[in-house]
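Please open the structure in a viewer and keep the selection panel at hand. The tour below proceeds from one selection to the next and describes what is found at each stop.

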Amino acid sequence: VQLQASGGGLVQAGGSLRLSCAASGRPFRRYAMGWFRRAPGKEREFVARLRSDGGSRYYADSVKGRFTISRDNAKLMVYLQMDNLKPEDTAVYYCAASTTDDILDNSHKKTASYGYWGQGTLVTVSS
């Protein structure tokens, strides 16, 4: 599966953005989808994940209650709605696909669990 992320930009603290990730290739509905981010000078970190069937959602504690992950299997799209953005949310955001819904040992938070990655989209939150 090929992934293409978009929707990043510059926003003031407290504002909102919606990131999109367009998929193409193998049956999209078979993949669990995730969002990760890499802030300047930091390693890539888990943000959110959604099961292949659009069921269970998982979030990093830092974004819980502010970000929402969703998917439209008919349109081959995954979204990350980001509300009440904070300067510390500034990062390059990546969408990723995993061939398994397994989350044992918090595997869903590990980059190694995702075999497919899109290019990043930059989100900058000004204070």
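**First stop: Leu76 and its loop**

Select Leu76, which is partly exposed, with a relative accessible area of 33%; here buried means under 20% relative accessible area, exposed over 50%, and partly exposed in between, with a 1.4 Å probe and protein chains only. The model is predicted: local features need pLDDT of at least 70, side-chain atom pairs count only at pLDDT 80 or more, and totals for chains, interfaces and linings use all residues. Residues are numbered from 1 along each chain as its sequence is written, and side-chain values use heavy atoms, with hydrogens and water left out.

Leu76 lies in the loop between β7 and β8. Strands, like helices, are DSSP runs numbered from the N terminus, with at least two residues (E) for a strand and at least four (H or I) for a helix. Phi of Leu76 is near 60°, a positive value in a residue other than glycine. Most residues other than glycine have a negative phi. The hairpin of β7 and β8 has 4 residues between the strands.

Select Asn84 next, in the loop between β8 and β9. Its phi is also positive, near 50°, and Asn84 is partly exposed, with a relative accessible area of 44%.

**Second stop: the open sheet**

Now display the strands. In what order do the 4 strands of the open sheet stand? The order is β1-β3-β8-β7, with antiparallel pairing. The strands β1 (2-6) and β7 stand at the edges with a single partner each, so one side of each has no neighbour in the sheet. On average, neighbouring strands of this sheet are turned by 15° against each other, direction ignored; the axes are lines fitted to C-alpha atoms (for helices, over the stretch in contact), and angles run from 0 to 180 degrees between N-to-C directions.

Cross the sheet pair by pair; two strands pair if DSSP finds at least two bridges between them.

- Between β1 and β3 (residues 17-24) there are 5 bridges; select Leu3 and its bridge partner Ala23 in β3.
- Between β3 and β8 there are 6 bridges; select Leu19 and its bridge partner Leu80 in β8.
- Between β7 and β8 there are 6 bridges; select Thr68, which stands opposite Gln81 in β8.

Pause at β8 (residues 77-82), where 5 of the 6 residues are buried.

**Third stop: Arg71**

Select Arg71 in strand β7 (residues 67-72). What is the nearest side chain of opposite charge to this buried residue? It is Asp101, 6.2 Å away, and Arg71 has no salt bridge. In this count Lys and Arg are positive and Asp and Glu negative, while His and the chain ends are not counted. A salt bridge is a side-chain nitrogen of Lys or Arg within 4 Å of a carboxyl oxygen of Asp or Glu.

The side chain of Arg71 does reach the backbone oxygen of Tyr31, at 2.7 Å. It also makes a polar contact with the side chain of Asn73 (2.7 Å). A polar contact is a pair of N or O atoms within 3.5 Å; within protein, one must be able to donate a hydrogen and the other to accept it, and residues adjacent in sequence count only if both atoms are side-chain atoms.

**Fourth stop: the salt bridges**

The whole structure holds 5 salt bridges. Select Arg37 and Asp89, whose closest N and O atoms are 2.9 Å apart. Arg37 is in strand β4 (residues 32-38) and Asp89 in the loop between β8 and β9, 52 residues apart.

Add Arg66, which meets Asp89 in a salt bridge of 2.7 Å, N to O. Arg66 lies in the loop between β6 (57-59) and β7, so this pair ties together parts that are 23 residues apart in sequence. Are these residues buried or exposed? Arg37 and Asp89 are both buried, and Arg66 is buried with a relative accessible area of 10%. For Asp89 the relative accessible area is 1%. With Glu45 added, the selection shows a network of salt bridges linking Arg37, Glu45, Arg66 and Asp89.

Then select Asp61 and Lys64, which form a salt bridge (3.2 Å, N to O); both residues are exposed.

**Last stop: Val47**

Finally, select Val47 in strand β5 (residues 45-50), which counts as buried at 0% relative accessibility. Val47 and Phe36 are 11 residues apart in sequence and 4.9 Å apart in space, C-alpha to C-alpha. Beyond its neighbours within four places in sequence, Val47 has contacts (heavy atoms within 4.5 Å) that include Trp35, Tyr58, Phe67, Leu80 and Tyr93.
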